[in-house]
Amino acid sequence: MSHAIDTSPVGTPPSGRTTIRRASERGHYDRDTVHAIVDAAWLCHVAFTDTRGAGNDTEPFAVCLPTACWRIGDALYIHGSNGSPMMRRLASGTVACVTITHLDGLVLARSAFSHSMNYRSVVAYGRFSVVPDADKPAVLDAFMARLLPGREHEARPADESELKATLVLSMPLDEASAKVRNWGPRDKEHDAHHPAWAGVLPLAITRLPPVPDERSRATGQALPASVTDWLAVDPGPAPLSP
């Protein structure tokens with residue numbers, strides 16, 4: 001099956017690694033929740049072990065690096081230079097842990113102890129595999145569409161030398177779990193009458209006016225449809241539950 005059309009479901013029940021034990025009521029293991037959190041992200045953090053540069057080069061050490069990500073079907077994709085130590089290490093089949101987090105609000109309670117944050121997060125475990133050369137153009141087009149819908153039709157596609165220099169990796173999301181908090185403060189009963197204000201300070205990514213480069217500014221180039229459509233979208237605040 002092509003990497004570009006993998007639609008296998010997220011595995012349930014959760015594995016020992018993805019089972020949420022602390023605040024387990026915030027855990028979600030269904031495909032729709034996991035996919036929605038992944039699809040709202042442009043960046044993820046990839047953790048793995050390495051030995052490069054560790055003294056005698058035999059003692060493994062932990063590495064956690066941010067990178068762009070996108071989803072097709074039930075697989076998470078990343079890309080980078082084929083000379084990147086991270087990409088080469090992941091391409092070798094080492095076990096990886098990928099995390100994504102969206103901060104949706106600061107939760108202010110009446111006691112310092114009960115303060116919290118509203119968030120959506122995903123943790124996924126697995127091994128990355130190399131996307132075949134034949135699938136690279138379609139997979140990278142999907143990345144452009146994720147970056148900015150419609151941009152894949154406006155930008156020059158990668159040429160043969162650029163595709164050759166780019167390593168694209170995929171990891172199945174069949175061992176993944178989500179953790180979500182989206183409610184207000186939950187004070188202890190004896191703090192209910194403390195006079196401090198309590199509530200949520202919502203946070204969201206804001207879309208600001210585009211800044212053209214010098215050539216686009218000098219020629220008075222109009223904004224493309226992809227950008228005007230992007231500006232018209234208002235993500236709005238994350239919903240709160242009672």
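## Strand pairing and buried polar residues in a predicted chain

Arg71 has Leu76 as its bridge partner in β5. This pairing belongs to a predicted model, in which strand β4 and strand β5 (residues 75–81) are antiparallel and share three bridges. Helix α3 (residues 136–147) packs on the sheet, where it touches β4, β5 and β9 (166–172). The direction of α3 makes about 125 degrees with that of β4.

**The four-stranded sheet**

β4 and β5 belong to an open sheet of four strands, ordered β4-β5-β9-β8 and paired in the antiparallel sense. Its edges are formed by β4 (70–72) and β8 (129–130), each of which pairs on one side only. The hairpin of β4 and β5 has two residues between the strands, and Gly73 there adopts a positive phi near 60 degrees. On the pairing of β5 with β9, seven bridges join the two antiparallel strands; within this pairing, Ile78 stands opposite Leu169 of β9. Strand β5 is largely enclosed by the rest of the structure, because five of its seven residues are buried.

**Strand β2 and its partners**

Strand β2 (residues 43–50) shows alternation of its side chains. Cys44, Val46, Phe48 and Asp50 point to one face and are buried, whereas Leu43, His45, Ala47 and Thr49 point to the other face and are not buried. Such alternation between the two faces of the sheet is what a regular strand shows. β2 pairs with strand β3 (residues 61–68) and also with β6. Leu43 has Ala68 of β3 as its bridge partner, while His45 stands opposite Thr99 in β6.

The strand pairs discussed here are set out below.

| Strand pair | Sense | Bridges |
|---|---|---|
| β2 and β3 | antiparallel | eight bridges |
| β2 and β6 | antiparallel | three bridges |
| β4 and β5 | antiparallel | three bridges |
| β5 and β9 | antiparallel | seven bridges |

**Two buried residues**

Asp50, in strand β2, has a relative accessible area of 8% and therefore counts as buried, the cut-off being under 20%. Beyond its neighbours within four places in sequence, Asp50 is in contact with Glu59, Pro60, Phe61, Val63 and Arg89.

His102 is located in strand β6 (residues 95–108). With a relative accessible area of 12%, His102 is likewise buried. A polar atom of the His102 side chain lies 2.9 Å from the backbone oxygen of Ile37. Ile37 is also among the contacts of His102 beyond four places in sequence, together with Ala40, Ala41, Asn118, Tyr119 and Arg120.

**The chain as a whole**

The secondary structure comprises six helices and 11 strands. Of the 242 residues, 35% are buried. The exposed area of the chain is about 14,300 Å², of which carbon and sulfur atoms supply 58%. Among contacts between residues at least 6 apart in sequence, 74% join residues at least 24 apart.

**Confidence**

The chain has a mean pLDDT of 89, with 88% of its residues at 70 or more. Residues 1–11 have a pLDDT below 50, although this stretch makes 35 contacts in the model beyond near neighbours in sequence. Where pLDDT is low, the predicted coordinates should not be read in detail.

Definitions and conventions: Residues are numbered from 1 along each chain as its sequence is written. This is a predicted model: local features need pLDDT of at least 70, side-chain atom pairs count only at pLDDT 80 or more; totals for chains, interfaces and linings use all residues. Side-chain values use heavy atoms; hydrogens and water are left out. Buried means under 20% relative accessible area, exposed over 50%, partly exposed in between (1.4 Å probe, protein chains only). A polar contact is a pair of N or O atoms within 3.5 Å; within protein, one must be able to donate a hydrogen and the other to accept it, and residues adjacent in sequence count only if both atoms are side-chain atoms. Contact means heavy atoms within 4.5 Å. Accessible areas come from the Shrake-Rupley method with a 1.4 Å probe; for residues, only the protein chains shown count as cover. Two strands pair if DSSP finds at least two bridges between them. Axes are lines fitted to C-alpha atoms, for helices over the stretch in contact, and angles run from 0 to 180 degrees between N-to-C directions. pLDDT is the predictor's confidence in each residue, from 0 to 100.
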